[in-house]
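Here are a few exercises to work through with the model open in your viewer. Try each task before you read its solution.

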Amino acid sequence: MDSYQNPQPKQPITWSLGKQWLSQGIRLFQQMQKHWYATLLFIGLGVMLLSILSAQVALMALMLSMPVMTAWYYLLCRQSQLTDDSSPDGGRLWSQCWSLLMIRFNWLLLLGVLAVIINYAMHAVQIMLLESLQLPPLTEEAVAQLSLSEAMLRIGVNLLTGLPVALLMAFSPALVMFNHDNPVQAMIRSVKTVMFAWQPILSLTLWLMLLAMAVVFLMSLVLSLLASAFGMGVANVLLLLFMGVMMGVVFSANYVTFDALYPARQDKDNDTEQPQESMYKEI
């Protein structure tokens with residue numbers, strides 16, 4: 001796993017790459033879905049156990065662990081890619097990825113801490129901006145009476161305060177894991193990478209939004225029928241499954257994007273376990 005100073009894209013940067021990355025991400029998710037669902041199961045069990053102590057503690061732990069979770073899934077994708085095996089042994093794959101994850105675990109956890117701090121800071125800025133614009137907190141009554149101009153203003157404030165966090169965290173976990181950047185370097189390089197390939201990344205984002213809206217529309221019809229026939233319990237389970245699938249597609253598409261900009265490199269004479277050995281030697 002080599003360090004990159006700048007992105008080295010596999011193909012020329014064009015708008016059409018966004019749709020291509022989405023198609024590749026969907027195919028990757030189909031290949032890696034059992035690993036994705038197993039990861040979600042472990043995280044879900046951990047959150048449930050922590051929520052017994054405190055819901056706030058569980059939420060904070062989930063936020064802090066997001067970079068670790070992201071890097072873990074990316075490791076599963078990359079190690080599967082490097083083994084050049086469509087059905088790698090699950091136990092061996094997880095063991096390899098766990099060893100690699102532990103090497104960068106402290107940096108990933110620190111990245112999670114910084115992400116939480118930045119997110120809370122931008123949330124405070126958002127509240128200040130809404131107060132300065134004399135926009136009260138949204139309630140059910142306020143939503144019902146929301147004007148178009150106020151809605152657009154609120155969307156603008158959300159974009160203004162949410163976009164910096166999205167840019168900083170877009171590729172940070174992958175850069176910490178694969179590029180050996182520290183968290184600050186990774187966040188800076190993440191912003192530069194998005195700016196470098198903004199056209200296909202924006203295209204990919206739009207395609208993901210269109211896909212999500214189309215699936216949400218279809219799911220709303222299905223869930224309304226199931227809720228009336230079987231109750232909200234079955235509908236809620238299907239809703240969770242839908243959210244898990246959409247998250248998996250987004251994570252897979254994001255990994256495909258990173259791999260297209262920072263492709264994995266191996267020496268021809270090296271086997272698939274040498275990246276792990278080289279990382280231990282470097283540490």
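**Exercise 1: the largest pocket**

In this predicted model, the largest pocket holds about 1,000 Å³ of space. Find which residues lie nearest its centre, and which element gives the most to its lining.

Solution. Start at the centre: of the 31 lining residues, A166, M169, A170, V250 and N254 lie nearest to it. Next, go through the helices: α2 (55–83), α4 (105–132), α6 (148–169), α8, α9 (198–230) and α10 (232–261) each supply at least two lining residues. The most come from α9, with 8 residues. Finally, sort the lining by class: 26 residues are nonpolar, 5 are polar and none is charged.

**Exercise 2: the second largest pocket**

Work out which elements give two or more residues to the lining of the second largest pocket.

Solution. This pocket has about 530 Å³ of space. Its lining has 15 residues, with L40, G44, L240, G244 and M247 nearest the centre. The elements you are after are α1, α2 and α10. By class, the lining divides into 13 nonpolar, 2 polar and no charged residues.

**Exercise 3: two residues to classify**

Decide whether W15 and H180 are buried, partly exposed or exposed.

Solution. Take W15 to begin with, in the segment before α1 (17–53). Its relative accessibility is 41%, so W15 counts as partly exposed. W15 also belongs to a nonpolar surface patch with W198, L202, L206, W207, M209, L210 and M213, which together have about 810 Å² of accessible area.

Now turn to H180, in the loop between α7 (172–178) and α8 (183–196). With a relative accessible area of 15%, H180 is buried. While you are there, check its backbone: phi of H180 is near 60°, a positive value in a non-glycine residue.

Terms used: Residues numbered from 1 in each chain as written. Predicted model: local features only at pLDDT ≥ 70, side-chain atom pairs only at ≥ 80, totals over all residues. Heavy atoms only, no water. Patch = residues over 30% accessible without salt bridge, like charges linked within 9 Å, V, L, I, M, F, W, Y side chains within 5 Å. Areas by Shrake-Rupley, 256 points an atom, 1.4 Å probe, with all protein chains shown as cover. Salt bridge = Lys/Arg side-chain N within 4 Å of Asp/Glu carboxyl O. Helix = DSSP H or I, 4+ residues; strand = E, 2+ residues; numbered from the N terminus. Buried < 20%, exposed > 50% of the residue type's maximum accessible area, 1.4 Å probe, protein only. 1 Å grid on protein atoms, 1.4 Å probe; cavity = no way out; pocket = protein on both sides within 12 Å on 5 of 7 lines; lining within 4 Å. Points joined across faces, edges and corners; volume = space filled by probe spheres on them. Nonpolar A, V, L, I, M, F, W, Y, C, P; charged D, E, K, R; others polar.
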